[in-house]
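Please look through the sequence and the structure that follow, and keep both in view while reading. The paragraphs after them go from one part of the chain to the next and end with the ligand.

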Amino acid sequence: MFIIRPIENRDIDTVVELWEICNITRPWNHPETDIFRKMNQKDDLFLVAEKDSRVIASIMGGYDGHRGWIHYLAVQPEYQRLGIATALMQNIEKRLIAIGCPKVQLMVRPENTSVIQFYEELDFEEIESVCLGKRLIQD
Ligand SMILES: CC(C)(COP(=O)(O)OP(=O)(O)OC[C@H]1O[C@@H](n2cnc3c(N)ncnc32)[C@H](O)[C@@H]1OP(=O)(O)O)[C@@H](O)C(=O)NCCC(=O)NCCS
């Protein structure tokens, strides 16, 4: 069994390792900075799954007042296909609904399309839209 709980300071190194193992860090994002910024929001939407006192999965949620977002979903490879990501998604969805968030979105990198099936199992649908971005702070 595993438990799901908000991230704590003591989890930071393990979560960075998890993201590196799962290949979801990118050169233009500094994982520690991303974690620090999100933890500063103190919204309890950045969760980890813990088994036998070890962090084995993460999910970072957010709500901007219009829609919810999900980032950094990752499960340690040896614990994949056991329903842990599904449980994290369900938990974050409940938390988003509880704060009045009406819809949720996430982005999948073009080279990671194999995970789309996972999200489709959870009733996510592809949205026809072009995503634009701009960096406001150079880390
Ligand atoms: C994507 C990921 C989070 C899924 O985690 P998980 O805990 O293994 O997912 P679940 O066990 O809850 O999967 C539920 C269902 O989703 C589908 N699914 C999960 N992973 C899948 C994959 N890699 N390919 C196809 N279908 C998948 C299956 O239908 C699965 O049910 P089944 O195991 O009974 O067949 C995990 O593979 C991962 O950490 N990947 C690397 C990081 C990543 O790419 N994150 C997403 C960034 S957008």
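**A walk through the model**

Once neighbours within four places in sequence are set aside, Ile56 is in contact with Leu18, Ala49, Lys51, Ala74, Val75, Gln76, Tyr79 and Ile84. Ile56 itself sits in strand E3, which spans residues 54-63, and because its relative accessible area is 0%, under the limit of 20%, it counts as buried. Pro77 is separated from Ile56 by 21 residues in sequence, while the C-alpha atoms of the two are 8.9 Å apart in space. The model in which these values were computed is a predicted one.

Ser53 belongs to the loop between strand E2 (46-51) and E3. Its phi is near 65°, which is a positive value in a residue other than glycine, and with a relative accessible area of 68% Ser53 is exposed. A positive phi, of about 60°, is also found at Asn23, although Asn23 is not a glycine. Asn23 is placed in the loop between H1 and H2, and it is exposed, with a relative accessible area of 53%.

What is the state of Arg26, buried or exposed? Arg26 lies in the loop between helix H1 (12-21) and helix H2 (31-40), and it counts as buried because its relative accessibility is 14%, which is under 20%. Apart from residues up to four places away in sequence, Arg26 touches Arg109 and Glu111. Pro110 is located in the loop between strand E5 (104-106) and H4, and at 70% relative accessibility this proline counts as exposed. Between Pro110 and Ala87 there are 25 Å in space, C-alpha to C-alpha, for a separation of 23 residues in sequence.

Strand E5 contains Gln105, whose side chain is joined to that of Arg67 by a polar contact of 2.8 Å. When neighbours within four places in sequence are left aside, the residues in contact with Gln105 are Arg67, Gly68, Trp69, Ile70 and Ile127.

For the chain as a whole stretch, the UniProt record, an unreviewed entry, carries the annotation "domain: N-acetyltransferase" over residues 2-139. Over those residues the chain is 30% helix and 22% strand, and the C-alpha atoms at the two ends are 35 Å apart.

The ligand comes last. Which of the 20 residues around the ligand come nearest? They are Leu73, Arg81, Gly83, Thr86 and Asn112. Three short polar distances can be followed here: a polar backbone atom of Gly83 is 2.8 Å from an oxygen atom of the ligand, an N or O atom in the side chain of Thr86 is 2.5 Å from an oxygen atom of the ligand, and a polar side-chain atom of Asn112 lies 2.8 Å from an oxygen atom of the ligand. Taken alone, the ligand exposes 900 Å², of which the protein buries 77%. The elements that give two or more residues to the shell around the ligand are strand E4 (68-75), helix H3 (84-98) and helix H4 (116-121), and the largest share, four residues, comes from H4. By residue class, the shell around the ligand divides into 12 nonpolar, six polar and two charged residues.

Notes:
Residues numbered from 1 in each chain as written. Predicted model: local features only at pLDDT ≥ 70, side-chain atom pairs only at ≥ 80, totals over all residues. Heavy atoms only, no water. Near = heavy atom within 4 Å. Polar contact = N/O pair within 3.5 Å; in protein donor to acceptor, adjacent residues only side chain to side chain. Areas by Shrake-Rupley, 256 points an atom, 1.4 Å probe, with all protein chains shown as cover. Nonpolar A, V, L, I, M, F, W, Y, C, P; charged D, E, K, R; others polar. UniProt positions renumbered as here; feature names shortened; annotations may be inferred. Buried < 20%, exposed > 50% of the residue type's maximum accessible area, 1.4 Å probe, protein only. Contact = heavy atoms within 4.5 Å.
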